[in-house]
Amino acid sequence: MESQIKQLLEIIEEMKIDLNQQGSCKPLTDPAVVNLSEKLDKLLNQYYIMLNIRTNQKGNKIA
């Protein structure tokens, strides 16, 4: 799980850079910018779901 979270975070960081670059060159309403923003939103949602699952798994472990 940890490696998946790390990998997802790397993808998110790359996508944030790409979105910033596109957003500075194109209008924010440009379909390519909106599409990339929507993809980033989905990845962020997936990231937070994975963090929540990891947190819940750690909380359920018996020491």
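## Exercises on a predicted two-helix model

Among contacts in the protein between residues at least 6 apart in sequence, 64% join residues at least 24 apart. The model examined in these exercises is predicted.

**Exercise 1. Determine how many helices and strands the protein has, and examine its overall dimensions.**

Solution. Begin with the secondary structure: the protein has two helices and zero strands. The helices are α1, covering residues 2-25, and α2, covering residues 31-60. Next, consider the extent of the C-alpha trace, which spans about 55 × 15 × 10 Å along its principal axes. Finally, turn to the radius of gyration: the protein has 15 Å, whereas a compact globule of 63 residues would have a value near 11 Å.

**Exercise 2. Check whether the end-to-end distance of α1 agrees with its number of residues.**

Solution. Helix α1 has 24 residues. The expected span is 1.5 Å times one less than the number of residues, so α1 should span 34 Å. The C-alpha atoms at the two ends of α1 are 35 Å apart, which agrees with that expectation.

**Exercise 3. Identify the residues of the largest nonpolar core and state which helix supplies the largest share.**

Solution. A general tendency serves as the starting point: in soluble globular proteins, nonpolar side chains tend to be buried together. In this model, 19% of the 63 residues count as buried. The largest nonpolar core has 12 residues: I5, L8, I12, M15, L19, V33, L36, L40, L43, Y47, M50 and L51. Both α1 and α2 supply at least two residues of this core. The largest share, seven residues, comes from α2. On the side of α1, the buried residues are I5, L8, I12, M15 and L19. As an example of packing, L43 touches L8, I11, I12 and M15, with residues up to four places away in sequence not counted.

**Exercise 4. Describe the position of L44 and decide whether L44 is buried, partly exposed or exposed.**

Solution. L44 is found in helix α2. Its relative accessibility is 27%. Buried means under 20% and exposed means over 50%, so L44 counts as partly exposed. Along the chain, L44 and L8 are 36 residues apart, while their C-alpha atoms are separated by 8.7 Å.

**Exercise 5. Classify the aromatic pair of the structure and compare the exposure of its two residues.**

Solution. The structure holds one aromatic pair. The rings are those of Y47 and Y48, with centres 5.3 Å apart and planes at 70°. Planes over 60 degrees apart count as edge-to-face, so this pair is edge-to-face. As for exposure, Y47 counts as buried at 13% relative accessibility, whereas Y48 is exposed at 54%.

**Exercise 6. Locate the salt bridges and state how far apart in sequence the partners lie.**

Solution. Side chains of opposite charge can pair when their charged atoms come close. The count for this structure comes to two salt bridges. One joins the side chains of E2 and R54, at 3.0 Å from N to O. This pair links distant parts of the chain, with E2 in helix α1 and R54 in helix α2, 52 residues apart. E2 is partly exposed, with a relative accessible area of 41%, and R54 is partly exposed as well, at 21%. In the other salt bridge, E13 pairs with K16, their closest N and O atoms being 3.6 Å apart. E13 and K16 are three residues apart in helix α1, so about one helical turn separates them. E13 counts as partly exposed at 37% relative accessibility, and K16 also counts as partly exposed at 37%.

Technical notes: Residues are numbered from 1 along each chain as its sequence is written. This is a predicted model: local features need pLDDT of at least 70, side-chain atom pairs count only at pLDDT 80 or more; totals for chains, interfaces and linings use all residues. Side-chain values use heavy atoms; hydrogens and water are left out. A nonpolar core is a set of buried Ala, Val, Leu, Ile, Met, Phe, Trp, Tyr and Cys residues joined through side-chain atoms within 4.5 Å. Buried means under 20% relative accessible area, exposed over 50%, partly exposed in between (1.4 Å probe, protein chains only). Helices (H or I, at least four residues) and strands (E, at least two) are DSSP runs, numbered from the N terminus. Contact means heavy atoms within 4.5 Å. Rings of Phe, Tyr and Trp (its six-membered ring) pair if their centres lie within 6.5 Å; planes under 30 degrees apart count as stacked, over 60 as edge-to-face and the rest as tilted. A salt bridge is a side-chain nitrogen of Lys or Arg within 4 Å of a carboxyl oxygen of Asp or Glu. The radius of gyration is taken over C-alpha atoms; the globule rule is 2.2 Å times the number of residues to the power 0.38.
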